[in-house]
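Dear colleague,

I am handing over the structure below, together with some notes on its charged pairs and its surface. Please read the notes with the coordinates open beside you.

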Amino acid sequence: AQQTQNTGGISTLGGILGGTQIGLGVGQFFAARNQAAAMTAQARLQANQADFNNRLSILKEKEINAQKERDIERRQQQTKRMIGRQKAALAGQGISVGGELGEKFEFEERRIGAEDVEAIRNNAWRQAFGLEVQRQDTAFQANLRTVESGIRARETLSTGGVSAISGVVG
């Protein structure tokens with residue numbers, strides 16, 4: 001009768017230990033699942049940040065273009081005023097405004113103004129291009145992080161699942 005009780009006690013102990021192992025295995029699996037979910041959420045957050053930065057960059061580019069147009073308009077007005085002053089100065093000295101000297105002054109001022117306008121356009125283009133490169137890089141990095149996070153999440157789930165199974169079987 002005593003042997004039966006000992007065997008029953010060992011059987012009960014084995015059942016308790018087996019149940020504990022199953023509980024630990026399930027716990028490991030859920031911990032792995034939660035960690036994978038956290039990794040996915042982090043990737044989503046980073047993708048949202050990249051999207052926000054992309055939209056901000058587009059706004060900056062629009063502002064660059066608007067500033068470019070204002071700068072061009074201002075420079076063209078400066079050119080017109082300078083030509084008017086030069087003509088007034090020539091006329092004040094008794095020199096023909098429509099003569100060769102007046103035409104040379106006007107031509108030179110228009111050339112300088114056109115060069116300045118071209119420089120304004122080139123600088124704005126460079127700034128906008130830099131923003132575009134930055135947008136592309138940010139989008140690429142966000143996509144890379146999303147893929148990487150998905151891989152890590154799957155690895156975590158796999159590792160957690162294997163640990164859970166080996167804990168139960170082990």
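Arg75 has a relative accessible area of 10%, and because the cut-off for a buried residue is under 20%, Arg75 counts as buried. Please keep in mind that this is a predicted model, and that the values in this message are computed from it.

The partner of Arg75 is Asp116, and the two form a salt bridge in which the closest N and O atoms are 2.6 Å apart. This pair links distant parts of the chain, since Arg75 belongs to helix H1 (residues 2-92) and Asp116 to helix H2 (residues 100-169), with their positions 41 residues apart in the numbering. Asp116, for its part, is partly exposed, at 31% relative accessibility, whereas Arg75 is buried.

How many salt bridges does the structure hold? There are 13, and the general background is that side chains of opposite charge can pair when their charged atoms come close.

Two further pairs lie within helix H2 and may be worth viewing one after the other. In one of them, Glu100 forms a salt bridge with Lys104, with 3.4 Å between the closest N and O atoms; both residues lie in helix H2, four residues apart, which is about one turn of the helix. Glu100 is exposed, with a relative accessible area of 58%, while Lys104, with a relative accessible area of 49%, is partly exposed; the cut-off for exposed is over 50%, so Lys104 does not reach it.

In the other pair, the side chains of Arg111 and Glu108 meet in a salt bridge with an N to O distance of 2.2 Å, and these two residues also lie in helix H2, three residues apart, again about one turn of the helix. Both ends of this pair are partly exposed, Arg111 at 34% relative accessibility and Glu108 with a relative accessible area of 31%. Elsewhere, salt bridges that share partners join Glu61, Glu132 and Arg135 into one network.

Turning from charged to nonpolar side chains, which residues make the nonpolar surface patch of about 300 Å²? The patch is made by Phe52, Leu56 and Leu59, and Phe52 is found in helix H1, the helix that also holds Arg75.

With best wishes

Conventions. Residues numbered from 1 in each chain as written. Predicted model: local features only at pLDDT ≥ 70, side-chain atom pairs only at ≥ 80, totals over all residues. Heavy atoms only, no water. Salt bridge = Lys/Arg side-chain N within 4 Å of Asp/Glu carboxyl O. Buried < 20%, exposed > 50% of the residue type's maximum accessible area, 1.4 Å probe, protein only. Patch = residues over 30% accessible without salt bridge, like charges linked within 9 Å, V, L, I, M, F, W, Y side chains within 5 Å. Areas by Shrake-Rupley, 256 points an atom, 1.4 Å probe, with all protein chains shown as cover.
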